[in-house]
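Visitor: I am new to this structure and should be grateful for a close look at a single part of it. Please begin with one proline and its surroundings, and then proceed outward from there.

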Amino acid sequence: MSSTKKLKLEELGRIDIETFKGTKKTPLVVVLDNVRSMHNVGAIFRTADAFLIEKVVLSGITPQPPHREIHKAALGATESVDWVYEKNIAEALQNLKKENFKIIGIEQTNDSKEITEYSINKEEKYALVLGNEVDGLSDEALSYYDTFLEIPQLGTKHSLNVSVCGGIVMWEFFKYLK
């Protein structure tokens, strides 16, 4: 018989929001470009909390907290993770460039690289941009990206859910930047 037991919440040793705010963050920003689903937005916040992401930038039609539907998936992460709203995606990316972030579009393009082939430099700051559930990244901002990355997919579907994709790319960058 196994002696494995699940840990209770109080045994996990999680930090509180005040401690989170004062903790050194992963030099990573996640930008949501016209993401329409509140559940996807909430899930991105929750994952950003897990990996100590610097901030989330919401742009275009992306819904903003506070909202009951965002909170359902975020479970309070909208309180711990810093976020801003910028109406125009091009301006949002320009502002990040001024702060010396490398702008990484998560998109299937004619010159995108598989994320597994991209060298993540611990000395750099990155902004990962996730696009609309149907249309992907906004066409008018494509010239602002330093590169485009895609997640290898071998099945019959050509895309992943935005929040699933966000979790994968945040984890991939977190592994190297932590």
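Guide: Setting aside neighbours up to four places away in sequence, Pro63 is in contact with Val35, Arg36, Ser37, Met38, Val41, Leu58 and Ile70. The model in which these contacts are found is a predicted one. Pro63 belongs to the loop that runs between β2 and α3. With a relative accessible area of 14%, Pro63 is classed as buried, because buried means under 20%. A further relation in space concerns His39: 24 residues separate Pro63 and His39 in sequence, and their C-alpha atoms are 9.9 Å apart.

One of the contacts of Pro63 is Ile70, and Ile70 is also touched by Thr78. Thr78 is located in helix α4, which covers residues 77-80. When neighbours within four places in sequence are left aside, the contacts of Thr78 are Phe45, Pro65, Ile70 and Trp83. Thr78 has a relative accessible area of 11% and is therefore buried.

The loop of Pro63 leads to α3, and the charged residues of this region deserve attention next. Glu69 and Arg68 meet through their side chains in a salt bridge, with 3.3 Å from N to O. Glu69 also forms a salt bridge with Lys72, in which the closest N and O atoms are 3.4 Å apart. Both Lys72 and Glu69 lie in helix α3, three residues from one another, or about one turn of the helix. The three residues differ in their exposure: Glu69 is buried, at 17% relative accessibility, whereas Arg68 is exposed, at 62%, and Lys72 is partly exposed, at 48%.

A salt bridge is also found in helix α6, between Glu172 and Lys175, with the closest N and O atoms 3.3 Å apart. Because Glu172 and Lys175 are three residues apart in helix α6, about one helical turn separates them. Glu172 is buried, with a relative accessible area of 14%, while Lys175 is partly exposed, with 34%. Returning to α3, salt bridges with shared partners join Arg68, Glu69 and Lys72 into one network. In the whole structure, a search finds six salt bridges.

The nonpolar interior may now be considered. In soluble globular proteins, nonpolar side chains tend to be buried together. Here the largest nonpolar core contains 34 residues, and those with the most contacts inside it are Leu32, Phe45, Ile104, Ile106, Tyr126, Leu130 and Phe173. Two or more residues of this core come from each of β1 (26-33), α2 (38-50), β2 (53-59), α3 (68-74), β4 (101-106), β6 (125-130) and α6 (162-177). The greatest contribution is that of α6, which supplies seven residues. Phe45, listed among the residues with the most contacts in the core, is the residue that was met above as a contact of Thr78.

Phe173 offers a view of this core from one of its members. Apart from residues within four places in sequence, Phe173 is in contact with Leu28, Ile104, Ile115, Tyr118, Ile120, Tyr126, Leu128 and Leu149. Another core lies apart from the largest one; it has 15 residues, including Val29, Val57, Ile89 and Phe101.

Val57, from this second core, is touched by Ala92, as is Glu86, with residues up to four places away in sequence not counted. Ala92 is placed in helix α5, residues 89-98. Its relative accessibility is 1%, and Ala92 therefore counts as buried. The C-alpha atoms of Ala92 and Gln153 are separated by 29 Å, and the two residues are 61 places apart along the chain.

The surface, too, has a nonpolar feature. Leu7, Leu9 and Leu12 make a nonpolar surface patch of about 310 Å². Leu7 is located in the segment before α1 (17-22). With 51% relative accessibility, Leu7 is exposed, because exposed means over 50%.

Finally, a record may be set beside the model. An unreviewed UniProt entry carries the annotation "domain: tRNA/rRNA methyltransferase SpoU type" for residues 28-171. Over residues 28-171, the chain is 31% helix and 24% strand, and the C-alpha atoms at the ends are 11 Å apart.

Notes:
Residues numbered from 1 in each chain as written. Predicted model: local features only at pLDDT ≥ 70, side-chain atom pairs only at ≥ 80, totals over all residues. Heavy atoms only, no water. Patch = residues over 30% accessible without salt bridge, like charges linked within 9 Å, V, L, I, M, F, W, Y side chains within 5 Å. Areas by Shrake-Rupley, 256 points an atom, 1.4 Å probe, with all protein chains shown as cover. Salt bridge = Lys/Arg side-chain N within 4 Å of Asp/Glu carboxyl O. Helix = DSSP H or I, 4+ residues; strand = E, 2+ residues; numbered from the N terminus. Buried < 20%, exposed > 50% of the residue type's maximum accessible area, 1.4 Å probe, protein only. Core = buried A, V, L, I, M, F, W, Y, C linked by side-chain atoms within 4.5 Å. Contact = heavy atoms within 4.5 Å. UniProt positions renumbered as here; feature names shortened; annotations may be inferred.
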